[in-house]
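Trainee: I would like to learn how to read a model of this kind, beginning with the overall fold and ending at the ligand. Could we take the features in turn?

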Amino acid sequence: MNIYRYKNNPILTPKDVKPHRKDFEVIGAFNAAMARYKNEIIMLLRVAERPVNESPDKVKAPVYNAVSGKIEILELNKSDNRYDFSDPREIKDNIKKDGSFIYLTSISYLRIARSTDGIHFTVDDKPLVYPSDELEVFGVEDPRITEIDGVYYIYFSAVSPAGIGEMMVKTTDFKNVERCGMIFAPENKDVVIFPEKIQGKYYALHRPTPKATGNPEIWIAESDNLIYWGKHRHLMGIRRNMWDSQKIGSGAVPFRTEKGWLELYHGVDYNDVYGIGAVLFDINDPCRILARSSEPVMKPEMEYEINGFFGNVVFSCGAVADGDIIKLYYGVSDTSMAYAELSINEILNSLKYI
Ligand code: MAN
């Protein structure tokens, strides 16, 4: 597969974003949703900020207070053995030991960067979507955007002690947003909504994380109105000893191609390496899988894909199609945004047809 990676990658880094509060620092500008709006390419960034911390013995956890409307900062002692601080992203419970976290070390919100050439982006002064709900007290993350008839549906993970679910808002101008509530209850993330009705129904891919039995895998659901989703079906699973052996989830909004709906999804292996692969669904029945990548289309190879806040991650939440070219925008190492170009035909030819 010939992938063109932009030579000056990454195209946007935390340094390009001013923290929204003086006592915070930006540690991530990544996993952005993409959309075309008028003559602009909109990049809706997940911006992760954390409180500036000068004390090596302490870990600070930012938490939104839904009553005061402000982010508060909790301070924990690194020597406190009730907590496990080994993952830079989250603070786990040392007693419960079930892998769940109690706090995150940063808080994310969504902020727009705008461009006319698709490479040089200018970041808006203010966030577009900021935590504002009890279900968002640990932040809002990893957005996707689906445009249907001039309305841009923006949906993202809402993180709180109640779990991680998928929240939706909509906009027509990328200035004002209208809240639509939670569309997939916890634990669920990596939702992508198809850009048009198929045989009279809207479809979404989603990723529950079952606990008692089952794995983090891709499901599909249908809807008449984009708010109420039903007829859930398990669509595709992880594959032992392959690049997508630990978990999988959707990435960019699917593209209509001559051969079917092409979805670029992410897969994680047992070493926590995040790669991007492809799957093809029947154009009239997205519940039918026609083909899937045996090898990742893209895996972390460049320095900026390997090193960062959480390294070895290429993760796309949005791409823009231009003829045969997919302009792929992807988060690297939970830190920055990078840009690459891929040929749709080459991807289609690389798949293993079932
Ligand atoms: C994981 C990572 C983090 C994210 C949390 C909560 O730890 O994906 O980036 O903040 O989950 O969603």
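Mentor: We shall go from the whole chain to its cores and then to the ligand, keeping in mind that this is a predicted model.

Trainee: How many helices and strands does the chain have?

Mentor: Counting elements is a sensible way to begin, and here the chain has 2 helices and 27 strands. The radius of gyration is 19 Å, close to the 20 Å that the globule rule gives for 354 residues, so the chain is as compact as a globular protein of that length. Along its principal axes, the C-alpha trace spans about 55 × 45 × 40 Å.

Trainee: What share of the residues counts as buried?

Mentor: Burial is judged by relative accessible area, with under 20% as the cut-off, and 56% of the 354 residues of the chain count as buried. The accessible surface comes to about 15,700 Å², and 47% of that belongs to carbon and sulfur atoms. As for how contacts are spread along the sequence, among those between residues at least 6 apart, 51% join residues at least 24 apart.

Trainee: Which residues have the most contacts inside the largest nonpolar core?

Mentor: A nonpolar core is read as a set of buried residues joined through their side-chain atoms; the largest one here has 39 residues, and those with the most contacts inside it are Leu12, Met43, Phe174 and Tyr329. Among the elements that give two or more residues to this core are strands E2 (24–37), E3 (40–51), E9 (107–115) and E26 (336–343), and the largest share, 7 residues, comes from E2. A second, separate core of 31 residues includes Phe184, Tyr203, Ala204 and Tyr265.

Trainee: With which residues is Met43 in contact, leaving aside its neighbours within four places in sequence?

Mentor: The contacts of Met43 include Ile11, Leu12, Ala32, Met34, Ile112, Phe121, Tyr329 and Met337.

Trainee: Which residues surround the ligand?

Mentor: One lists the surrounding residues, then looks for polar atoms that pair with the ligand. Here the ligand is surrounded by Arg46, Arg89, Glu90, Phe101, Leu104, Glu141, Val159, Ile164, Lys189 and Asp334. A polar side-chain atom of Arg46 lies 3.1 Å from an oxygen atom of the ligand, while an N or O atom in the side chain of Glu90 is 2.5 Å from a ligand oxygen and one in the side chain of Glu141 is 2.6 Å from a ligand oxygen.

Trainee: How much of the ligand does the protein bury?

Mentor: Taken alone, the ligand exposes 300 Å², and the protein buries 86% of that.

Terms used:
Residues are numbered from 1 along each chain as its sequence is written. This is a predicted model: local features need pLDDT of at least 70, side-chain atom pairs count only at pLDDT 80 or more; totals for chains, interfaces and linings use all residues. Side-chain values use heavy atoms; hydrogens and water are left out. A nonpolar core is a set of buried Ala, Val, Leu, Ile, Met, Phe, Trp, Tyr and Cys residues joined through side-chain atoms within 4.5 Å. Buried means under 20% relative accessible area, exposed over 50%, partly exposed in between (1.4 Å probe, protein chains only). Helices (H or I, at least four residues) and strands (E, at least two) are DSSP runs, numbered from the N terminus. Contact means heavy atoms within 4.5 Å. A residue is near a molecule or strand if one of its heavy atoms lies within 4 Å of it. A polar contact is a pair of N or O atoms within 3.5 Å; within protein, one must be able to donate a hydrogen and the other to accept it, and residues adjacent in sequence count only if both atoms are side-chain atoms. Accessible areas come from the Shrake-Rupley method with a 1.4 Å probe; for residues, only the protein chains shown count as cover. The radius of gyration is taken over C-alpha atoms; the globule rule is 2.2 Å times the number of residues to the power 0.38.
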